[in-house]
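Biologist: Please take one part of this model and look at it closely. I would like one packed pair of helices described in full, with its setting.

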Amino acid sequence: MTEAYVLALLPFLAAVGAAATPRMAAIWGLCATLINLGASILLAARILSGGDMRADLGDWPAPLGISLVADGLAAVMLSMTAIVATAVALQAMSWGLVQPRGGQQRSRLQAGFWPLWLATLGALNALFLSGDLFNIYVTFEILGLSAVGLTALTGSRNSLRAAFDYLAAGLAGSLVFLLGVALAYAAVGRVDLAAVPALVDTATGRLALGLIFAGLAVKAALFPLHFWMPAAHSSAAPAASAVLSALVVKGALYLALRITIEAGAGIEVLRIALAVLGAAGMLWGSWMALRAERLKLLVAYSTVAQIGLITLAIGVADDPSTSAMWQAAALLMLSHALAKAAMFLAVGRIAEELGHDRISGLNRTDLRPGVAEFAFAIAAVSLIGLPPTAGFIGKWLLIDGLIDRGAWVWIALLLGGTALSAAYLSRVVSRCLRGGPHVAPGARRPEWRTGDVAALGLATTALALGLGSALPLTLLNGTAL
Amino acid sequence: MTELLPLAILMTSLCAAPIILAIPERARTLRTTINLTAATLKVGLVAWLSIAVAAGGEFNLRLGIAPGLDLHLQADALSVLFLALSAVLWFLTTIYAIGYLEGGADRSRFFGFFSLCVAATVGIAMAGNLFTFLIFFELLTLATWPLVVHRGTAESHRAGRIYLAYTLGGGLALTLGTVWLYALAGDVPFAPRGVLGDLPQTAPLALTAIFVLLIAGVGVKAALFPLHGWLPLSMVAPAPVSALLHAVAVVKAGAFGIMRIVYDVYGVETVQLLGLAAPLAALAAVTIIWGSVRALTQDDLKKRLAYSTISQVSYITLGVALLSPVAAVGGLAHLIHQGIMKITLFLAAGNFAEGRGVKTVSAMDGMGRLMPGATIAFTIGSLGMIGVPPLAGFVSKWYLGSGGLDAGQPMVIALLAGSSLLNAAYFLPILYRAWFRDPPEGAPVKRRIGWMLAVPPAATAALILAAGLLANAPFSPLGWTRFIVSLEYL
Amino acid sequence: MTSETMYILAGVLLAALAMHRLCTARDALARILALNVLSVGIAMLMLLAGRVAGVTDAVPQAFVLTGIVVLVAVTAALLSLAERISGGDDD
């Protein structure tokens, strides 16, 4: 379990270190991210060979102490976070390892980034390892505050407004969530996740679950509670947007998946509500992405759509004790995290080179940020869910299960959503392909930056993940139900 | 070592693609070297594989993706047929494209996706189950899109959008059909005479629906009426791309998919049992006539060829759908024959456009005198398409016709005769203008045609002659298809 | 009407009012206040959930306490953001 302790504690320690010594922040960040990656791989390997693990911090047992639980689903989420974290750290490396003395505004952004990002990482890890709802509430708060910090980091008026809305919505969601936790305690006298099945049997318990999901819906930016999200994700710095869109919303989605798995077949109404809202979000997000004029906004609305898709997958999955359909949702989350992070990093590079992110101005003739555009295109393939990406395997598992049940309406919605995502993403890629003979003879191709490497590496990983789906699926198969 | 041959064949182009994409635009020699090395290597490896398969060798490579879901590469006789076509024509088209795009922009991007496109084609040829087929089929869509829009004009982007909408839509249908079939039958490996067991008795309706979805999915690429709309539009692409799309990659992938679905997933008996052959044959017949009729009125040379492709590819579908072994030989052989004939026509048409700026039928006057080499190649290709003996097209039509009689469908003879008349009606005027009219006064030379542009069409024209004259040799397309058909119909 | 019912009603009423204000108000300060009122309403409901048959359980009270701590921190963050938004010109 050493790995679990490292994952839950090290990022926080590094965050403190980075805050205390701003000039060395990047070194703290890089070291912590790499150790985090190693620890998550070790943890996954250990779970693959030895099954689930559980540990009580300081040997205090459940009701009072904090217990860490690591199973296959947690390992998949932790590895996902660690991989994205590595790429984000690489992108942030382009600011330089050691800050010069007396830097100006730029270095405030850099010094602020690392502690906030490390705290976000720690909160996510702790969230995935938590075994009870109250601890999860606490990790949500840390996550929310540090994520808001990331949003506001650029200090522009837009990003501050977005951060305010984000924080206000997040707090309201948390309060509702907390009420749900308290009611759950009132209903069954405990708050660990294993108590969820018992909740289904009482009226108070069902109310508690409803409130918990309402809180999660705000935090996950599930339609129609997504209002705070596009502005927040599109106005942050690229590395921050990648973290927010790829990872932070996954915290809430993960918990939704976890609870539906634990609750089994007993929460039919809630599942249907999730599926309906998910489908609506998928269509609405796609529609807004089709109409978006700015690249970052398009990608942010695509996150609304993809969250809808994942929620739909959580909602329509059959009883997990008899079917593996829920694994589709986990796989879609994994695929979305990698691809969306890659996409935001690529967009960041494109905007940095072009000086703007208007979609209509992408086909500049004298400048071609080719590598970043290519990374964007590969990430788009993953997001649409074309073979051989993990998104495709996820959709395959989902459709397979739905066909068995004869649920043709959901299948039609799923395929419709896929077509829409192809439509809005091809808008961008087609602009990137424009050029041909129009490109001026002296067209400049920007130098490679670490940000390009990060985006391309992440996008390629997302693409290759489909062929390696056997690994996450084996991990998920071992998840105790 | 030999068992890794399919993987090696796939990798020659799959690895070449990212390398070429990463090469700087200026590094012309390096790019050409990698291109030609990969293409040559592939021809050699495919030849090796053909010999091994003819000797009864079996190739199966699997990679587990999810429970019950394998990535499966195999090489059987039908694979080899398609592989040989793509390897040889890729080699020739690569040479042509290097010459054609000399001095153009974005060549690294072009050749990168060109390689990826062939990798997808090769993957389709060697797919061992429907899932693997689907993966490479979609990859083909993605790899060809940048080629279609390569010129970067508004017109080519419109064509690209329409192409993408058609093919991704088809991809969705194919995906749904495939998942559905997997949900019913588990893994769907390709095997002669079908793999569905007793499903035709227990779930005939579902199987019929799946068949429609699958055929609609691959039918988009095969340009089956009414799913053919993208093909004439995508003619805005550079000539080597058109050649590749029409002769080797896209439409052939569709036609090949129809073969796989009918022969190796459903099996001839099941298709007959479910009564699915007749509608498919009727659709093919409509497409044959429709394409030919539309070709008559096109003045743009490449558009005329495009409609001709729509018509000719459906010969393959017709041969498959008639469910007679003799017709099957004709259809399968036409996969190759149409490929070499159509590529000849497109490469020659590209040379007309490059050498003299001639892009329309009405401007073809006197081309025989101005560019005799290209015009001879074009003539051989046209006569082959019409079905003049002893060229390749005659062999296919002969077998298709006899197959029609064999299947008790004498209407097929009338269809073939009508189609051949139409073929003659839209090809012969071009030949007449080229050979018997005088060239316009002082026709300007736009560009000198170097050997890289001249040799490929000559080579494919020679192949047309060879495929017809040597039809009875064991390794000729006809000989090989007889071998395949003997496995499908026992 | 028992005191417990009144407690529930008051809590729900406070929460509902605060939610309404939160959704409709544009002013930053009004929204911050609405969030604080919301948390009071929710805290009342939580405290009630801890009373089973007249005996008070300590755990929900601990929940409320944590909630208050979080609320103070978040309110501070919100106030500082609001201050920066309105005074951002001279930055």
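Modeller: What follows is about one helix pair in chain A, and then about the chain and its surroundings. This is a predicted model, in which local features need pLDDT of at least 70 and side-chain atom pairs count only at pLDDT 80 or more, whereas totals for chains, interfaces and linings use all residues. Residues are numbered from 1 along each chain as its sequence is written, and chains are lettered from A and ligands numbered from 1 in the order in which they are written.

The pair is α2 (residues 25-50) and α3 (residues 72-93) of chain A, whose axes come within 9 Å and cross at roughly 155°. Helices here are DSSP runs (H or I, at least four residues), numbered from the N terminus, with strands (E) needing at least two. The axes are lines fitted to C-alpha atoms over the stretch in contact, and angles run from 0 to 180 degrees between N-to-C directions. Angles over 145 degrees count as roughly antiparallel, under 35 as roughly parallel, 65 to 115 as roughly perpendicular and the rest as oblique, so α2(A) and α3(A) are roughly antiparallel to each other. Their crossing is left-handed, meaning that the near helix is turned anticlockwise from the far one by less than a right angle; clockwise would be right-handed.

On the α2(A) side, the contact includes A:A26, A:G29, A:L30, A:T33 and A:N36; on the α3(A) side, A:G72, A:A75, A:L78 and A:S79 are among the residues involved. Two residues are in contact if their C-beta atoms, placed from the backbone, lie within 7 Å. By class, the contact has 14 nonpolar, seven polar and no charged residues. Nonpolar covers Ala, Val, Leu, Ile, Met, Phe, Trp, Tyr, Cys and Pro, charged covers Asp, Glu, Lys and Arg, and the others, Gly among them, are polar.

Chain A averages a pLDDT of 85, and 92% of its residues score at least 70; pLDDT is the predictor's confidence in each residue, from 0 to 100. Over residues 97-103 of chain A, pLDDT stays under 50, and the model has 10 contacts beyond four places in sequence for them.

Elsewhere in chain A, A:A221 has a positive phi of about 60° although it is not a glycine. A:A221 sits in the loop between α8 (203-219) and α9 (229-235) and is buried, with 30 other C-beta atoms within 10 Å (buried is 20 or more, exposed 12 or fewer, partly exposed in between, with C-beta atoms placed from the backbone).

Of the two pairs of chains that touch, A and B have the most contacts.
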